[in-house]
Amino acid sequence: PATIALSVLVTIEMFNALNSVSENQSMLTMPPFVNMWLIGAVMLSFALHFAILYIPFFASVFGAAPLGWGEWKIVLA
């Protein structure tokens, strides 16, 4: 449950960062691909999160458990 909660928070914050490309427009009107540095930062953040979840050494250090497809569906829902 704690790993799912962490993954939900990481996912929400990354989508929030993508939605913050413009102060006045949403992600639907201004695509996030205008800022490739932001896209790279989001990709790096997810890569590090996946490393924490799926590399056993990091998983034990952070007390995380790898998520299966069922848990990822919950996270993305």
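The following paragraphs go through a predicted model, from its overall layout to one helix, one buried serine and a set of aromatic rings.

The protein contains four helices and zero strands, and its order along the sequence reads α-α-α-α. Along the principal axes, the C-alpha atoms occupy a box of roughly 40 × 25 × 15 Å. The protein has 77 residues, of which 27% count as buried. Its exposed area is about 5600 Å², with 73% supplied by carbon and sulfur atoms. Among contacts with a separation of 6 or more, 44% join residues 24 or more positions apart.

Helix H2 covers residues 36-54, which makes 19 residues. From first C-alpha to last, H2 reaches 26 Å, close to the 27 Å expected at 1.5 Å a residue. At its N-terminal end, H2 is capped by asparagine 35, which places a side-chain oxygen 3.2 Å from the backbone nitrogen of tryptophan 37. The buried residues of H2 are Leu38, Ile39, Val42, Phe46, His49, Ala51, Ile52 and Leu53. These buried residues pack against H1, helix H3 (56-62) and helix H4 (69-76).

Serine 7 offers a view from helix H1, which spans residues 2-19. Serine 7 has a relative accessible area of 0%, and because buried means under 20%, it is classed as buried. Beyond its neighbours within four places in sequence, serine 7 is in contact with His49, Leu53, Leu67, Trp72 and Val75. His49 and Leu53 are also among the buried residues of H2.

The aromatic residues come next. Searching the whole structure gives four aromatic pairs. One of them joins phenylalanine 50 and tyrosine 54: the ring centres are 6.4 Å apart and the planes stand at 45°, so the pair is tilted. Both residues belong to helix H2 and are four residues apart, about one turn of the helix. In an α-helix there are 3.6 residues a turn, so residues three or four places apart point the same way. Phenylalanine 50 is partly exposed at 36% relative accessibility, and tyrosine 54 is partly exposed at 37%.

Phenylalanine 57 and phenylalanine 58 make an edge-to-face pair, 5.5 Å centre to centre with 65° between the planes. Phenylalanine 57 has a relative accessible area of 56% and is therefore exposed, the cut-off being over 50%. Phenylalanine 58, at 34%, counts as partly exposed.

Ring pairs also link Phe46, Phe50, Tyr54 and Trp72 into a cluster. Two members of this cluster have appeared above in other roles: Phe46 is one of the buried residues of H2, and Trp72 is one of the contacts of serine 7.

Key: Residues are numbered from 1 along each chain as its sequence is written. This is a predicted model: local features need pLDDT of at least 70, side-chain atom pairs count only at pLDDT 80 or more; totals for chains, interfaces and linings use all residues. Side-chain values use heavy atoms; hydrogens and water are left out. Buried means under 20% relative accessible area, exposed over 50%, partly exposed in between (1.4 Å probe, protein chains only). Contact means heavy atoms within 4.5 Å. Accessible areas come from the Shrake-Rupley method with a 1.4 Å probe; for residues, only the protein chains shown count as cover. The expected span of a helix is 1.5 Å times one less than its number of residues. A polar contact is a pair of N or O atoms within 3.5 Å; within protein, one must be able to donate a hydrogen and the other to accept it, and residues adjacent in sequence count only if both atoms are side-chain atoms. Rings of Phe, Tyr and Trp (its six-membered ring) pair if their centres lie within 6.5 Å; planes under 30 degrees apart count as stacked, over 60 as edge-to-face and the rest as tilted.
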